[in-house]
Structures are given as C-alpha cells and as structure tokens.
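Colleague: I would like a close look at a single part of this model, followed by an account of what surrounds that part. Please keep it plain.

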Amino acid sequence: MLLNIYFFINSIMFFFLSCRKQIFKVGITLRGNYREAMAFVDTGNSLRVPVTGEPVIFAERSLFGEINEKGRLIHCKTISGDKNLIRILPLDDLFFAEENRHVKNIYISLTDTPLTENGKFKILLHKSIFD
C-alpha cells in the first residue's frame, strides 16, 4: 500500500515538473542597457563561471547591438562535445515580470548565432534560475 502511494505521488510530481513553463518574457539589463525579450529555460545549460560558480546565460548579440564586450574568457563544452572559449559579461539584472522577481549574480555570453530558427526566443536561461 505504501509503495503504491509513493509511486502515485512520484507520478504527480513528475507530471507537474514536466509541465513547468519554459518560455518567459524577461527584462534584461546589460551595462545599463535594458531590453525585453522572450527567454527559454535550457535544462541542458549547466555552464557556470569557474571558481565563483555564478550561472551563465546566452543571448543573441542583436538584442543589444553595439556594446562594450570587455569581459572574461571561459571554457565552454557544447552538447556536441566541442570545446570553445566564450566571452562572458556580468549581467546587471534579469527580471521576471510575471513573478515580480529579480535575479542577480549572473553572467551572459552574447552569440552571433540565432538561438532559434523561428525567433521564438532570444535568450537561453541557465537551468538553475528557478532553484
């Protein structure tokens, strides 16, 4: 009986976790430049700043246009196994209006490559944003 209750509760928890919203409208401030864009919670993004451990998110460079990109270089391993150096910048603020929540202590890497073919989102969030 207890085992059946355990599996029932696990099934319900899995259902609700798998249905969690993954695309959000966010406000993002980088070096004093505020933009709004759609963002996708990428459960495969576990990149963190070495030593300090802050999460790294990705955004299309076109979102900010010309911006001073002096920042740190860190190693990044892609899902295909490629290893690259990417430039990261400290993000001023990440704001979720629906939840009235600000996220601080986060870094961003700007990419020239579109994150989606259909342009549905411009930002890939770190999987720990909602932990």
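Modeller: Begin at Pro 90, which stands opposite Tyr 107 in E8. The model is a predicted one, and this position belongs to the pairing of E5 with E8, which is antiparallel and runs over 2 bridges. Strand E5 covers residues 83-90 and strand E8 covers 107-111.

On its other side E5 pairs with E4, again in the antiparallel sense, over 6 bridges. Within that pairing, His 75 has Leu 85 of E5 as its bridge partner. E4 and E5 form a hairpin with 5 residues between the strands, and in the turn Gly 81 has a positive phi of about 95°.

These strands belong to an open sheet of 9 strands with mixed pairing, in the order E4-E5-E8-E3-E9-E2-E1-E6-E7. E4 (72-77) and E7 (101-103) each have a single partner strand and stand at the edges, so one side of each is left without a neighbour in the sheet. On average, neighbouring strands of the sheet are turned by 35° against each other, with direction ignored.

The same end of the order brings in the largest pocket, as E4, E5 and E8 are the elements that give two or more residues to its lining. The space in this pocket is about 530 Å³. Its lining has 18 residues, and those nearest the centre are Phe 58, Cys 76, Lys 77, Thr 78 and Ile 79. Sorted by class, the lining holds 8 nonpolar, 8 polar and 2 charged residues.

E8 also contributes to the largest nonpolar core, as one of the elements that supply at least two residues each; the others are E1, E2, strand E3 (56-60), E6 and strand E9 (123-125). The core has 24 residues, and Ile 28, Leu 94, Phe 96, Ile 108, Ile 123 and Leu 125 touch the most other members. E1 gives the largest share, 4 residues.

That leads to E1 itself. Of its 8 residues, 6 are buried, so E1 is largely enclosed by the rest of the structure. E1 is joined to strand E2 (residues 33-41) by 8 bridges, and the two run antiparallel. One of the pairs here is Leu 30 with Asn 33 in E2. The hairpin of E1 and E2 has 2 residues between the strands, and there Arg 31 takes a positive phi near 50°.

E1 (residues 23-30) also runs antiparallel to strand E6 (residues 93-96), with 4 bridges joining them. Val 26 has Phe 96 as its bridge partner in E6, while Thr 29 stands opposite Asp 93 of E6. Phe 96 is also among the core residues that touch the most other members.

Two loop residues complete the account. Val 51 is found in the loop between E2 and E3. Val 51 is not a glycine, yet its phi is positive at about 75°. With 88% relative accessibility, Val 51 counts as exposed, because the cut-off for that class is over 50%. Asn 100 has its place in the loop between E6 and E7. Asn 100 is likewise a residue other than glycine with a positive phi, in this case near 50°. At 60% relative accessibility, Asn 100 also counts as exposed.

How values were computed
Residues numbered from 1 in each chain as written. Predicted model: local features only at pLDDT ≥ 70, side-chain atom pairs only at ≥ 80, totals over all residues. Heavy atoms only, no water. Pairing = 2+ DSSP bridges. Axes fitted to C-alpha atoms, helices over the stretch in contact; angles between N-to-C directions. 1 Å grid on protein atoms, 1.4 Å probe; cavity = no way out; pocket = protein on both sides within 12 Å on 5 of 7 lines; lining within 4 Å. Points joined across faces, edges and corners; volume = space filled by probe spheres on them. Nonpolar A, V, L, I, M, F, W, Y, C, P; charged D, E, K, R; others polar. Buried < 20%, exposed > 50% of the residue type's maximum accessible area, 1.4 Å probe, protein only. Core = buried A, V, L, I, M, F, W, Y, C linked by side-chain atoms within 4.5 Å.
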